[in-house]
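Please look through the model below with the sequence at hand. The paragraphs that follow start at the ligand and then move through the sheet to a helix outside it.

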Amino acid sequence: MTKLEALKKITEEIGNKGPVITSLGITTRLFLIAQNRDKPASNHFPVLSSMGSCLALAVGLARGLVDKKVTVVMGDGEFLMGINSFFTAARLRLDNLKIIVLNDARYAQSGGFSTAWKKIPMKNVAHALGFSGDNFLEMEISYDAKQEHIKRTMLMPKEVKQNFENYFKTQH
Ligand SMILES: Cc1ncc(C[n+]2csc(CCOP(=O)(O)OP(=O)(O)O)c2C)c(N)n1
Ligand SMILES: [Mg+2]
């Protein structure tokens with residue numbers, strides 16, 4: 001499965017149900033392409049550049065918005081960099097949090113070096129921490145070395161912040 005195919009599938013499945021967080025770079029860029037959008041929808045919060053913080057944000061949102069289904073979609077490199085939050089999520093047992101990892105076993109955007117997930121089965125780690133299929137989904141992605149053609153997002157952190165604040169204003 002390609003990353004775009006995976007993100008189209010995710011888009012169909014989650015619809016407009018709750019907040020969605022996507023990780024930096026290609027994941028966010030392709031998620032917008034999958035949705036035919038230039039800018040994020042009001043419930044979509046891309047984490048730009050700050051690699052490793054995606055799941056921490058998702059955990060916080062799931063704790064704060066208990067009546068919402070929170071989805072986080074991230075690359076395997078991102079997941080690895082923020083792995084501490086995976087343990088926090090396991091400890092908190094957040095039923096309303098769904099973690100989706102697009103595993104191409106590479107840091108595709110930054111040169112395609114292998115990640116540790118090439119050798120370690122991610123599913124087993126998730127299972128050992130008590131995650132079920134409802135909370136954790138690993139999607140196996142074919143590695144695409146040609147990243148240049150993927151349209152860049154013209155997003156500024158200020159816009160993301162504004163989107164985030166607007167979302168919360170409509171929740172209370
Ligand atoms: C703290 C930090 N370190 C390194 C980078 C550079 N960087 C940008 S994207 C990326 C690779 C991300 O890998 P992954 O999450 O697997 O996504 P993929 O590119 O494979 O889709 C890296 C290392 C960064 N943005 N921030
Ligand atoms: Mg990757």
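**From the ligand shell to the sheet**

The largest share of the shell around ligand 1, three residues, is contributed by α4, where helices (H or I, at least four residues) and strands (E, at least two) are DSSP runs numbered from the N terminus. This is a predicted model, in which local features need pLDDT of at least 70 and side-chain atom pairs count only at pLDDT 80 or more, while totals for chains, interfaces and linings use all residues. Residues are numbered from 1 along each chain as its sequence is written, and chains are lettered from A and ligands numbered from 1 in the order in which they are written.

In total, 18 residues surround ligand 1, the closest being Met 51, Gly 75, Gly 77, Ala 108 and Gln 109; a residue is counted as near the ligand if its C-beta atom, placed from the backbone, lies within 6 Å of it. Two or more residues of this shell come from each of α2 (26-34), α4 (76-81) and β5 (106-107). By character, the shell divides into five nonpolar, nine polar and four charged residues, with Ala, Val, Leu, Ile, Met, Phe, Trp, Tyr, Cys and Pro counted as nonpolar, Asp, Glu, Lys and Arg as charged, and the others, Gly among them, as polar.

Gly 75 also belongs to the sheet, where Gly 75 stands opposite Leu 102 in β4. Five strands form this open sheet, in the order β2-β1-β3-β4-β7 and with parallel pairing; two strands pair if DSSP finds at least two bridges between them. The edges are taken by β2 (44-46) and β7, each with a single partner strand, so one side of each is left without a neighbour in the sheet. On average, neighbouring strands are turned by 15 degrees against each other, direction ignored, the axes being lines fitted to C-alpha atoms, for helices over the stretch in contact, and angles running from 0 to 180 degrees between N-to-C directions.

Within the sheet, three bridges join β1 to β3, and the bridge partner of Ile 21 in β3 is Val 72. Six bridges join β3 (residues 70-75) to β4, with Met 74 opposite Val 101. Five bridges then join β4 to β7 (residues 136-140), where Val 101 stands opposite Glu 138 and Asn 103 opposite Glu 140.

How many residues of β4 are buried? Seven of the seven residues of β4 (residues 97-103) are buried, so this strand is largely enclosed by the rest of the structure; a residue is buried if 20 or more other C-beta atoms lie within 10 Å of its own, exposed if 12 or fewer, and partly exposed in between, with C-beta atoms placed from the backbone. Leu 97, Ile 99, Val 101 and Asn 103 point one way from β4, and Lys 98, Ile 100 and Leu 102 the other way. In β3, Val 70, Val 72 and Met 74 on one side and Thr 71, Val 73 and Gly 75 on the other are all buried.

Helix α7 (residues 157-169) has 13 residues, and the count of buried residues among them is zero.

Key:
Expected span 1.5 Å × (residues − 1).
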